[in-house]
Structure formats: structure tokens, C-alpha cells
Amino acid sequence: MMLHHPTPSNFQWIRDRIAQVPRVKIAITPTPLEEAPNLSKALGGPRIFIKRDDLTGVALGGNKLRNLEFRLARTMAESPDTVIVGLDLQSNSARQTVGACNKLGLRTILVLEGRRPDVVQGNLLMDYLLGAEVHFAETRDEQRRLLDTLAEQCRSAGGRPHILNDNPMFDVASALAYIETTLEILDGLDAAETRPTALYMSSSGKGQAGIVLARRLTNAGFQMQGITATDEFHVPSRTAAIANETAATLGLDIVIAEEEIHNDDRFVGAGYGIPSDEAIEATRLFARTEGVILDPIYTGKAAAGMIRHIREGRYTKDDVLVFVHTGGNPAVFSWNQLWLPEANQGA
Ligand SMILES: Cc1ncc(COP(=O)(O)O)c(C=O)c1O
């Protein structure tokens, strides 16, 4: 049965536009799209599919590997031998950057904001395993100074450093990547002879901008529902701005208005990086129904949002939701106490 929405072949022109942007191959794509019938049954709700962008392959996977394909292509054009990048202490992006740089034969120096904890776990542990040289900075200002100092030291020693924070591609690279993810999702659902009612994703605006653009370009008609894990940004305006910058990069005459962006900011909890009860419950539920590991910082909060919307009665059994799993599961090890039986009373 052919559905009345654009078939995969219609998407080729979008893929061709993206193919004009320089890129290096890093991620394993397309990622699987799997149905989650046990989760759906446990919630008594709509059909749910999970887009497994936690399975992008390098250094435990995640959404940033898709982004790094574009960003590091720009980096490689400068022929560096060392990438220097400043990020958060337990950054998923940092882990994936080190893994990607290893594949490209580049050395990585990380300047992470925060102090080295007594017990090294999660993403930070992976940064060491992957061989990054890791420095710590207590403030953003100190981090910036250290990036420049380390670059200077590298140059004086005859190296060719590239400070990734100065690469202007970060936002657009994520959006380009998530246009493609959306096409993969539509292809996958087309093969399953269905189409999405809504996509859910942990979002501070970058990947979501790509999904919103893809929605417009394909006329697919689903709702893109972002759930933010941070108070740092006003996500709707940021998402619209990134979508419009990305449209311009692709030479598309499209304007996305802030009013078109749906991003629920009720699931941040006590703050960025701090697990919430609902995220913990959601993380347990995905693990116990489908064997899918989320995390209590990003994807668990997004799943908590989707679960709350289902419980509020937004969807019927005929609806089809896609949960975009953006990775981040090393955080379950940093928060190991949450999963022990004694922490699980009444759950
Ligand atoms: C696991 C995970 N999900 C979602 C996000 C947010 O993605 P974006 O920056 O594309 O909005 C991040 C960003 O750091 C992340 O690590």
C-alpha cells in the first residue's frame, strides 16, 4: 500500500543539497528505527518507535557524531594535527569528539569546565580511555584562556592546533545532520507502512532545527516536540534562528517562525545535569520494557516529557510517536546509585 506522503525517492533532492556540504565519514548511518511494543503497552498508549541515534558507532555513539562529520570536515581543511576543545565536565559531545578525532588521526586536548571528581566515571572516564589530554577550568573565562594558551604551546612545539570552539559550524552541522535523521525516520516508517504523528527528542535547539526544516521540506505533517534539558537557552527562538541559518546555508528560500517551534521546558527539574524523578522513572521504564538504556540528564528527561504527554491523553492508540534517542548513556554510570535495588523502593 502506498501512503499519500512523499516517498523516499522524493527526498533525494534534499539529500543532494546536503551532499554539497563538505563532510568526512564518521558515524554509522542510517541508524535503526525499532518499534517499542512493550513500552507502548506499559503506557496503554500510541505506537512508539525509537530512532537509535545512540548507535552511531564511535565511542559509544550519540547525536554529535553526525554533527562532527560536517564540523570536522571544516577542521580538516586547515590540516591540523591537534584538536583543542572546551566543553562541560561530563560532556557527551567531548567523548564523541575524541572518538571521531581518533578515527581521523588527530590528537585531542580537552579543556573541561569543572573540577576533576574523586571518582572518575561516565563520559570523563571514556575521555581518558580514548586518550585525550584532559585539562580542567573552573570558569568559562579560564577555559577560554586555557584554550588559547594550549594552542600557543602546541604551535611553539611545532604542532598545528585547531580550536574547535572557534569553528562556526556547530549549530548548522547539527541541523544538517538531523534533516538526514528525519529522512531516515520517514523512510523507516514508510517501509512499516505508517507515518508519524509526532517526534520527541531531547533538544536545546540544534538538532530540532533540522527536524523542523525537514518537516517543512517533506510536508510530512508530524509535530516536532522537543524537550529541553537546560534553562540556559530560550529554545524556541534559538531553534528558529538555527533553522533559518541552515536554510540559508542550503540555499533554500524558507523562513521558520519561532511560533512553529514546540519545546517543552517543564522537564528540566532541579537544573541541567541533575536527574529528576520523572527522568529516573522513564529511564527505568525504557530499560525494563525494551532493553534500551537512556540517561537521567538528557534522554530520560525527554522520555519523561513524552510519557507525561501520553498520560495527559494527547494521543490515541492510532497515533504513532517516534522517540529520537540522542545517546548520552554513559551518564548512567556517573549516577550509579540511582539504579541499585535500594534506590528503587516503590518503583
Ligand atoms: C544526549 C544528548 N541529547 C540531546 C542533546 C541536545 O542536542 P542539541 O544540542 O542538538 O539540541 C545533547 C547535547 O549535548 C545530548 O548530549
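This passage describes the domains, pockets, one helix and some backbone features of a predicted model.

The protein in this predicted model is divided into two domains, of which domain 1 comprises residues 8-62 + 170-343 and domain 2 comprises residues 64-166. The C-alpha centres of domain 1 and domain 2 lie 25 Å apart, and the contact between them takes 34 residues from domain 1 and 26 residues from domain 2. About 2400 Å² of area is buried between the two domains, and carbon and sulfur atoms give 63% of this area. On the side of domain 1, Val24, Ile26 and Phe170 supply 24% of the area that this domain buries against domain 2, which is more than any other three residues supply.

The pockets of the model are described next. The largest pocket has a volume of about 980 Å³ and is lined by 43 residues, of which Lys64, Leu87, Asp88, Phe170 and Lys206 lie nearest its centre. Two or more residues of this lining are given by each of the following elements: helix H3 (64-76), strand E3 (82-88), helix H4, helix H6 (140-156), helix H7 (170-191), strand E7 (198-202) and helix H8 (206-218). Because domain 1 and domain 2 both give residues to the lining, the largest pocket lies between them. Phe170 thus appears both among the residues nearest the centre of this pocket and among the three that supply 24% of the area buried by domain 1 against domain 2. By class, the lining of the largest pocket divides into twelve nonpolar, 22 polar and nine charged residues.

The second largest pocket has a volume of about 280 Å³, and of the 17 residues that line it, Asp88, Gln90, Ser91, Tyr272 and Gly273 are the closest to its centre. Asp88 is also one of the residues that lie nearest the centre of the largest pocket. The lining of the second largest pocket has six nonpolar, eight polar and three charged residues, and it draws at least three residues from each of domain 1 and domain 2.

Within domain 2, whose bounds are 64-166, helix H5 spans residues 122-129, and its buried residues are Gly122, Asn123, Leu124, Met126 and Asp127. What covers these buried residues includes helix H4 (92-103), strand E4 (107-113), strand E5 (133-137) and helix H12 (331-334). Helix H4, which takes part in this covering, also gives two or more residues to the lining of the largest pocket. Helix H5 is followed by Gly131, in which phi is positive, near 95 degrees.

Further backbone features are found in loops. A cis peptide bond, with omega of about -5 degrees, joins Thr29 and Pro30, and Pro30 lies in the loop between helix H1 (12-19) and strand E1 (33-35). Ala59, although it is not a glycine, has a positive phi of about 50 degrees, and its place is in the loop between strand E2 (47-52) and helix H3. With a relative accessible area of 19%, Ala59 is buried, because the limit for a buried residue is under 20%. Asn219, likewise a residue other than glycine, has a positive phi near 55 degrees and is placed in the loop between helix H8 and strand E8 (223-227). In contrast to Ala59, which is buried, Asn219 is exposed, with a relative accessible area of 65%.

Technical notes:
Residues are numbered from 1 along each chain as its sequence is written. This is a predicted model: local features need pLDDT of at least 70, side-chain atom pairs count only at pLDDT 80 or more; totals for chains, interfaces and linings use all residues. Side-chain values use heavy atoms; hydrogens and water are left out. Buried means under 20% relative accessible area, exposed over 50%, partly exposed in between (1.4 Å probe, protein chains only). Helices (H or I, at least four residues) and strands (E, at least two) are DSSP runs, numbered from the N terminus. Contact means heavy atoms within 4.5 Å. On a 1 Å grid over the protein atoms alone, a cavity is a set of points where a 1.4 Å probe fits but cannot get out, and a pocket is an open set with protein on both sides within 12 Å along at least five of seven lines; lining residues have an atom within 4 Å of a point. Grid points are joined across faces, edges and corners, and a volume is the space filled by probe spheres set on the points. Ala, Val, Leu, Ile, Met, Phe, Trp, Tyr, Cys and Pro count as nonpolar, Asp, Glu, Lys and Arg as charged, and the others, Gly among them, as polar. Domain bounds come from an automatic or database domain assignment. Buried area is the accessible area (1.4 Å probe) that two parts lose on being put together, summed over both.
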